[in-house]
Each structure stands twice: as structure tokens, then as C-alpha cells.
Amino acid sequence: MPASTGWGRPEDLVENLSSMDTTARLKALRDVKNQIIGNKTKKLSYIKLGAVPRVVEILASDAEIPLLVQSAAAVGSFACGNEAGVKAVLDSGVLPHLLKMLSFGDNKQVVEACARTLKMIFQSSLAPRSEMLVGQRMELLLNLLNSSNENVAEVAAHVLARCCESVEHQQAIVDAGGMQRLVTLLSGTIRRREAALDGLAALVKNNPQLSLQLAAMEQGRPLALIIKFVKDKIPRTRFLACMCLANISRSCPFCYPQEWDIRTSMLAVIVKLLEEPGQVGEESPIVLADIVANNEELQRAAYKFDAIVKLSALLQRESLPTKQLEGILMALAELCSRLEESRRQLLDQDPGKNAQAAIISALSHPSESVRVASCTCIKSLSRSVKNLRTTLSDERLVFPLFKLLDDPSPVVQVAALSAVSNVVLDFTPHKSVFFQCGGVSQLIQLSRSMDPMLRLNAVWALRNLLYLADMAVKEKVISELTVSTLTSLIHDPEEMVQEQALAFVRNLVYGSVDSVQQVFAEESAILIAVERQLCIACRPEVCTQGVYVLSNIAAGNELHKEAVMSFVAPVSQEGRNPSPILRFLQDMSNPQLRVAAVWCVMNLSYPDSPGAVTRVARLRESGIEQQLQKMVDDPCLDVKDRVKTALEQFTGLANV
């Protein structure tokens, strides 16, 4: 007969949780706990019936050891892997009772059951992290690190690690003596040192100051111990040591000697750990991503260690845990971000075909973090024009990305926009599909968003969509975007949006005379907006894009050149005024801005155009030639070469 037939009705079990009969309460606790383990539906059902407050009441008021153990275990079961369960137990006020048991409980079974439950709660994002770092609770956690019970010390370190959400949280723990206490645990038993490594890794993550502080403690003794643990015989110890060192290195590069050798050693270890079963294997990919982030040499070393082959094989397994899938995608994104051979290995090999399908499939994953990671991976892979054209069909790639532009999460939308920016850059077939599925209209809608990050990335994608685009694409985009919206984006409150809007115009007017003509629509509203922005902008990147717009317009016909001349060499009633371009030619902080300004002058003084002689005379009167002569030995070789060409054009036209 199935065991479930011995259970009473859920309503009766909940009622028995408040029974005056100890035996009835104990049986009800066990039955409820056994029913909800691994069963989300049952958990939600019992939560609705009000079981959680009754279970917490037993933990708070009973003295019977079996009841305390079972009630603590039942609370943990409600909290395990279920946000609704975590909320229910926290709303029932369980936290003070768990902490009290951990502090003063004299029964090992009760203490360990409470420790496990506290750990379950703090695996959730709903856990009250900030509340644990004030007053007596902070002191209690730090004291628990010294508990003779290893389970309790481990949980205390785990809770502290989960509480490191911000620099302020990290500093509060250090100021209370938390770093020193965790360092002391490094010399303890296996479980204590692993707890210490977990806590220290969280304490220094994205915190250069604390990373340097840990590296310098006790003449480097703790750091030497962590480095030693990288080659420990126990996989979890090796993993945690690598994670800790990766966080130190990423926050504070070169803060300890022989860092390259150590990081290479860590890399070899973490690649092997990818195939470990359990938690170590699940969490190793994200540590691999951290180790190689923004470091081409380490990415190349990982390639030689067959990291991509192993990650690709893992990606093709069925039913990967969410955290492992996210880590694999982020690791592949980092490994393929700079190296063409890494992209080729993932995309071209036969096993990689299924990996590609898995990456695209992850765009529809229920987890927000996985969708973001998948977009990031596609962004890295789409830097490889040849490979994407030959291995990914347009529909398979573009349609799922397009759907994410309407994702309920702004974080996912931004990640999708970033991937779209790469996908449409010079990928003519993908541009066509993107138009067909309404992607352009969606980008334009997002460019009007109140969220500056969405606005920025939408304009960036539109900019890339116009890169080397034909006239039909340009006309369609500008007609949907409208001149009015574009001029607003050029004057957007966010400087980075201004920069991308001007880069959009730069691509819009690049190429044919017809392309240039588009900025003269609606009484030259776009050109006027560009010139006004150049007069007031301070950010060099904004000015650079604006000057390139003028340079591209100056490559057009005589009317287009004359329109630029009215800005470059302005005339007032008093006569010639200094050219606004002089400010950009004289800006020694940004060589790209000087390059753009010289290009503009070159296009205006192009010898074969009919009005070149007159324009050069006006440019000379505005002080342009004199400034160019001062730049013949410019420290930037690109500027120097362009200046030489511009001066030759001036000289040649002076002799005409």
C-alpha cells in the first residue's frame, strides 16, 4: 500500500499542528514535511492552508527535542527552492527563533536542523541580508564562525557570504572583524576552510580595496594558503580557492606576485573541474568566465586547455541546472569575445551544431539570467561575420532575439538589444529578416523609452543597422523613426545616447549624394541639430561623431559642401570668425576627434570639386591652415598622415 494513504486530509494535518497532543503534533509535522519535500504544488497548498505559522509556532514554543527537530526541518522544506515558501516562513517571523536555537541550543540535532534551514533561507534573494548586518545579529554571526559545531560555523560563513550584496555590506562585515575571523578558519578543518574560502570570495568580489587588504594581510600568509588550496586533493576546496583568487584578481589585478603563473594554474584546474559532478561542476563555468574576463592571453590559454570543447559538450546535456547553464553561456561568451579561433571552434565543428541550437534555445529559457547570458553569448559569436553567415540560419537567430525586445525584464531587453547590434552589423541577410519580423519598428519604439539604457542600446542597434546599408534601408528607417525623434535623440539628456544618435546620422549620410540629402529634410532640421550639439557638447566622443557627420556631408555635392562651410568657416557682419573646427583640431586629449576634424577639412578642400579654390581661401582666412601647420608632427600617426594630405591639397589649390 502506498505510503501516502497513511496521510490524513491536508486540512486535518494542519489542524493537528496545533493539537495539545504531542504525538499528534509530531505525526502532523512529519507528514507535512514528507509531503512537501520536492513537491511545489503541495508546498503552495499547505502555505494557503496556513501551515507555516503553525510550524513556526512549534519551533518557538515547544521544548520537546523531536518536535524542534521536525519543525526546523519542515521550515527548511518550505523554504527549499521556492520563493513563495521563503516569503511564508519569513513572514511568520522564523528568523529570530532560528538564530536563538543556533546561539543557545544545547542539542546537536536541533542546532544542525536550524543551521540547515537558515542556509536554505539565505539561498533565496528574499532573505533579509541587510538586517543580518546590524547590531546583535552581526555579532551573533561572527561568534558562530567560532562554533565548535562545524555545521554551524559553515552556515554562519555561508550567510555572511550571501549578505555581501554591496560594497557597504562588505565593509560592514570587515569593520566588525569578519575578514580576520574568516582568515582564521583557513587553518581549520576541511569544512571550516571551505566555509572561509566561500566567505572571503564574497567579501572581496568587485571590491579592489578589500582584495588588496586580503592580499596584504599577515605578510601574505592567508593569500599563500589560498594559492596552495588551488592544488588541494579535494575538488570543492580547489574550486573555492579558484573562485576566491579569481575575485581578487578581477577586482585588483597584479596585487600579488607571479599572478600570471597562478592564474594559468587556476585556469587549468577550473577547466578540469567543469566535469566534476554536483555543485562544483555546476558552479565552475561561471568561475572560468571570471578568470578569463577581458584577458585575451588567458582566453587563448583556455582555448588550448580545450575549455570550449568541454563547455560545448556540457551544453548539449539535457536538463542542466539553471545556474550551470547560465555559467556555461557566460564562459562561452567570454572565451569567444576576442578570439576568432574560439568562435570557429564552437561554430564550425560538428559537435558545435547542437551547441548552437542550445544557445539559441536558451533565449526562451524561463530564467531571466539565462536569457541574458544567451544574448551575451550570441553577441560574442556574432562578431564573427563569416561563421554566422554560414552556420546560423536567419530565422533561427533573428526571430528569438526579436521576441526578447519585448521581454518583461528591462535587463533582458538591454542584453537582446546589445546582441541585435552585433547581428545586424554588416549582416545583410539578417537585416532583411529583421525588417520582415518588425524588428525595426520595435527598435524605434525602444529608442523612445524612458529608460536611458533601453534608449541607448536601441539607438546603437539602429546605428549598426544603417552601417553600409543601401538607400532603401536608410529611407525606411528614417521614415519610421522621423526627423523629429532623431533630433530629440541628438539632444538627449544622456551623453552616450547623444553619441549613438550622431553615429546613426554619420551612417545615414555615408555614401551616395542621396544619402547626404536626407539631413536637409524638413528645413535641414537634422543638420541644424548636429551643429548645435557640436557647439555645446563637452564629451569628446560626442564631438567626434558629430564632426564625422559633417565630414560625410562634406563628401557630397557642392551644395552639401557649402552647407558645411557655413558652420566650419562662419561669416558675420564684422567679417570672418574663427572656425569652430579649430577647437577640435586643437584638442590634444582625443586623437580620434582630431582625425575626424582633419577628414572634414580634407573633404571640403578636395581638389577635383568645382568650388575647392574658394573654400580653401575661406578656410585659410578662418585659421585652419595655420593650425594644420602646427600639427605636422602630431603624436598620432593617423592625424599626422591626414594633416600632410590636407596641407598638400591647400598648397596645390593655392597654385591654381
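In these legends, buried means under 20% relative accessible area, exposed means over 50%, and partly exposed lies in between, as computed with a 1.4 Å probe on protein chains only. The structure is a predicted model, in which local features need a pLDDT of at least 70 and side-chain atom pairs count only at pLDDT 80 or more, whereas totals for chains, interfaces and linings use all residues. Residues are numbered from 1 along each chain as its sequence is written, and side-chain values use heavy atoms, with hydrogens and water left out.

**Figure 1. Overview of the protein chain, with its 42 helices and 2 strands.** Helices (H or I, at least four residues) and strands (E, at least two) are DSSP runs, numbered from the N terminus. Along the principal axes, the C-alpha atoms fill a box of roughly 110 × 60 × 55 Å, and 56% of the 656 residues are buried. With contact taken as heavy atoms within 4.5 Å, residues 24 or more positions apart account for 70% of the contacts that have a separation of 6 or more. The pLDDT, which is the predictor's confidence in each residue from 0 to 100, averages 88 over the chain, and 94% of the residues score at least 70. Over residues 1-5, however, the pLDDT is below 50, and this stretch has 0 contacts in the model beyond near neighbours in sequence. The chain is divided into domain 1 (1-128) and domain 2 (557-656), with bounds that come from an automatic or database domain assignment. The centres of domain 1 and domain 2, taken over C-alpha atoms, are separated by 78 Å.

**Figure 2. Helix α11 (residues 167-175) and the helices that its buried residues pack against.** The buried residues of α11 are H169, Q170, I173 and V174. Seen down the axis of α11, these residues fall within an arc of 135 degrees, so they line one face of the helix; the arc is that of the directions from the helix axis to the C-beta atoms. They pack against α9 (135-144), α10 (150-162), α12 (178-185), α13 (190-204) and α14 (208-216). The face of α11 turned away from this buried side carries the exposed residues E168 and D175. Just after α11, G177 takes a positive phi of about 95 degrees. An unreviewed UniProt entry annotates residues 136-178 as "repeat: ARM"; UniProt positions are given in the numbering used here, feature names are shortened, and annotations may be inferred rather than shown by experiment. Over residues 136-178 the chain is 74% helix and 0% strand, with the end C-alpha atoms 14 Å apart.

**Figure 3. The surroundings of R594 in helix α39 (residues 591-604).** R594 counts as buried because its relative accessibility is 2%. Not counting residues up to four places away in sequence, R594 touches F584, L585, D587, M588 and S589, and also M631, D634, P635, C636 and V639.

**Figure 4. Two cysteines, C535 and C636, that are in no disulfide.** A disulfide is a covalent bond between the sulfur atoms of two cysteines, and is assigned here to a pair of cysteine sulfur atoms within 2.5 Å. A search of the whole structure finds 0 disulfides. For C535, the nearest cysteine sulfur is that of C543, which is 9.7 Å away, and C535 counts as exposed at 53% relative accessibility. For C636, the nearest cysteine sulfur is again that of C543, at 17 Å, but C636 is buried, with a relative accessible area of 17%.

**Figure 5. Two glutamates with a positive phi, E218 and E522.** E218 is not a glycine, yet has a positive phi of about 50 degrees; E218 is placed in the loop between α14 and α15 (221-229) and is partly exposed, with a relative accessible area of 32%. E522, likewise not a glycine, has a positive phi of about 50 degrees. E522 is placed in helix α35 (residues 521-536), and its relative accessible area of 56% makes E522 exposed.

**Figure 6. A224 in helix α15, viewed together with E541.** A224 is partly exposed, with a relative accessible area of 42%. From C-alpha to C-alpha, A224 and E541 are 44 Å apart in space, and they are 317 residues apart in sequence.
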